[in-house]
Structures are given as C-alpha cells and as structure tokens.
Amino acid sequence: MRGEYKVPGGKLVAAEVGVVDGRLASVTVSGDFFLDPDEALAVIDASLVGQAADARVPQLVDAIEQALAAADVDGTLSAPVTMVGFTPEAVAIAVRRALGHATSWQDLTFELIHSGPMPPAVHAALDQVLSEELVAGRRGPTLRFWEWVEPAVVIGSFQSLRNEVDPEGAARHGITVVRRISGGGAMFMEAGNCITFSLVVPASLVDGLSFEQSYAFLDDWVLGALADVGVTAASAGLNDIASPAGKIAGAAQKRLAGGAVLHHVTMAYDIDADKMLEVLRIGREKLSDKGTTSANKRVDPVRSQTGLPREQVIEAFKAHFRARYATVDGSLRDDELARAEELVATKFGTPEWTARVP
C-alpha cells in the first residue's frame, strides 16, 4: 500500500507499507526531500515497523523522533539529522494515507458550484448545510463560489458584535451583518469588490495536520491560482494570504462532528478601505500585531496587481482547481436551498444568533 503527502511549500513524501496482524511489517519512505546523513532514512523506516496499523500521527511521529535521537546517541548516525522540505509529521501522514486512514486530494472528486446572487445570510447557512450533507454522505467534497447583492460584514463565530461592527457606519452604508459558524475575523464584503469561496472536505483530508498546518494545506491551490493571474503570494500567520504588497485574503475554518471540514476564504479584489474603516472597529492592537498602523495598508486588492476583471480572476481560479484536482460542475439541490432558508429564519437571520456574543 502506498500513500503520498506533499508538504505545503515543501517536498513530496511517499510511504509504501505492508501490514501483518494489525502491525506495520514493512515501511519504505521515499521522496524528493533532503535528508542528512543518508543512513537516517533506514532509521526512519525501521522506527515504524511494529507500530500498530491504526496508530495516529502523534504516535508515529514519536516513534520516528525517538529512533533518530537514539541513533544519534549510539553512533548509528555519522552526523546530526537534518530534514529539509519534510518533517516526521509528513512521514506519518504519508503512512496514514497508505493505510487508508487519511485521504489525499487525488482520492476525491469535487463538485464546483457557482450559483447566482443570494443574500449573505443564505451563504452562511449554506456553509452549514453543505458541511452537514457531507457528514451525512449525501454530498461529496465541494468548492462553492459566493455571489451576492447587498454589502455585508460576516463576523466570526466567537467575535463580539459590538467590538467588531460600528452600528452607525453599518446603517449609513446599508451593511448587512451576519455571523458564520467558523471562527476567525470579520469579512467586509461588497458585491464586485471581493472574491469569496467555501471548501467543504472530509476531515480525512487533513488527518494529522494541526489547525495551522491545515490552513496552509487547504490554501496551497489558492497560491497557485494567484500565480496564474500574476500575483506572488504566500501563507502568512495562521490564516492569511499575503503578497509583498500586503494582505490579500483571510481564511476561516470549522470542523464538524462527524468528519467534515469547512474552509472558506475571502479575498480583496477592489476593496473600499475607507468604507471598511467606517464599518469595522479595527483596534490598534490588531493593527500593530500586523506590523502596520493603517488598515488601508493591510489589505492589497487583487485588482491592483492583476488589472483583470473580477469575473476573469474567478474563472482563472476555477481553471486552476480543475487542472489540479478531479472536478465536476454541480449545483445546489432544492432540498439544500430549502434547508438553508429554514436556517436563515431560525438562526442566521435572527438577532439572537447575530448578537450571541454581544
């Protein structure tokens, strides 16, 4: 059995494993990574033999690290171990994938949905609906692009409404405020001025990854799509995407019981930073943490770097995703839309939910 894991910004790690009586009987690790000294590879392979076939990533990592440390002490290794482009975690994930406990992008077929404009509360509700549908086995992994009409602020599940949104500024500019189910920060969104998409995947795709690692992992294709339209970008901090000119996008995540991960991204295309400052209460501490004193400097719209129409950028993103992963065009089912409308009436459109953290 063979499994592979491509480290975001790093190298490919492959593992070929054999199992006898519930234990790893043979393990061969390979890849385009860099490892010194050479004999460390045999130590890594041997460290995993005998491990339980259902061992989780931390157990496998511990076995690798203990074996390498012991080999360094007893003279088995001619020099201290240097691992470049991969880590013990990457090896463990490749082993888990070989054993069928974790999935890779190539194991999945994604449904790509790009529907017409809908209210922001419906989009927030659809994130929950599609995630629950995946858990129930009625839908596979999905990439869904948002379109809407009225401007909105979508705040994180745990954010304080009064600390994030200026009610006078929101009223003055006709801003709808919606709370989503994922954590993270506030998203200032105007139709035509940003690009938002939601990715719903099985939890097995991020098996063994920390929250921080999973953000970079799930955003890796986004960096490639940005490169296709001429934007050099990289993951920044926990959940941001930035270019040398500034922040481009922010991501947020929610892991649902039952095995679904919701990961969505809002990207500034041509943001009205002055209006955003009137609507959002962006504190000094948050700005200073980002190394700047101006929100205008924090967000760098994609339009300024590409000169392309928003629609063309979205089409380039779709093309990149299709070229990279198995993808079919899809649509929302009537029952999914009905469930979303129900959730708007009972949850996402109610003041109790929006102000659940006052």
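This is a short tour of a three-stranded sheet and of two helix pairs in a predicted model.

Residues are numbered from 1 along each chain as its sequence is written. In this predicted model local features need pLDDT of at least 70, side-chain atom pairs count only at pLDDT 80 or more, and totals for chains, interfaces and linings use all residues, while side-chain values use heavy atoms, with hydrogens and water left out.

**The sheet**

Select strand E1 (2-6) and strand E3 (23-31), the edge strands, each of which pairs on one side only. Strands (E, at least two residues) and helices (H or I, at least four) are DSSP runs, numbered from the N terminus. Add strand E2 (residues 12-20): the three strands form an open sheet in the order E1-E2-E3, with antiparallel pairing. Two strands pair if DSSP finds at least two bridges between them.

Go to the E1 and E2 pair, where five bridges join the antiparallel strands. Lys6 stands opposite Leu12 in E2. The hairpin of E1 and E2 has five residues between the strands, and Gly9 in the turn has a positive phi of about 75°.

Move on to E2 and E3, which run antiparallel and are joined by eight bridges. Select Val19, opposite Leu24 in E3. Two residues lie between the strands of this hairpin, and Asp21 in the turn has a positive phi of about 50°.

**H1 against H2**

Select helix H1 (residues 40-48) and H2, which pack at an angle of about 135° with their axes 9 Å apart. Axes are lines fitted to C-alpha atoms, for helices over the stretch in contact, and angles run from 0 to 180 degrees between N-to-C directions. H1 is therefore oblique to H2; angles under 35 degrees count as roughly parallel, over 145 as roughly antiparallel, 65 to 115 as roughly perpendicular and the rest as oblique.

Show Ala40, Val43, Ile44, Ser47 and Leu48 of H1 with Leu60, Ala63, Ile64, Ala67, Leu68 and Ala71 of H2, the residues that make the contact. Contact means heavy atoms within 4.5 Å.

**H2 against H3**

Now select helix H2 (residues 57-74) and helix H3 (residues 88-98), whose axes are 9 Å apart at an angle of about 125°. H2 and H3 are therefore oblique to each other. On the H2 side, the contact is made by Val57, Leu60, Val61, Ile64 and Glu65. On the H3 side, look for Pro88, Glu89, Val91, Ala92, Ile93, Val95 and Arg96.
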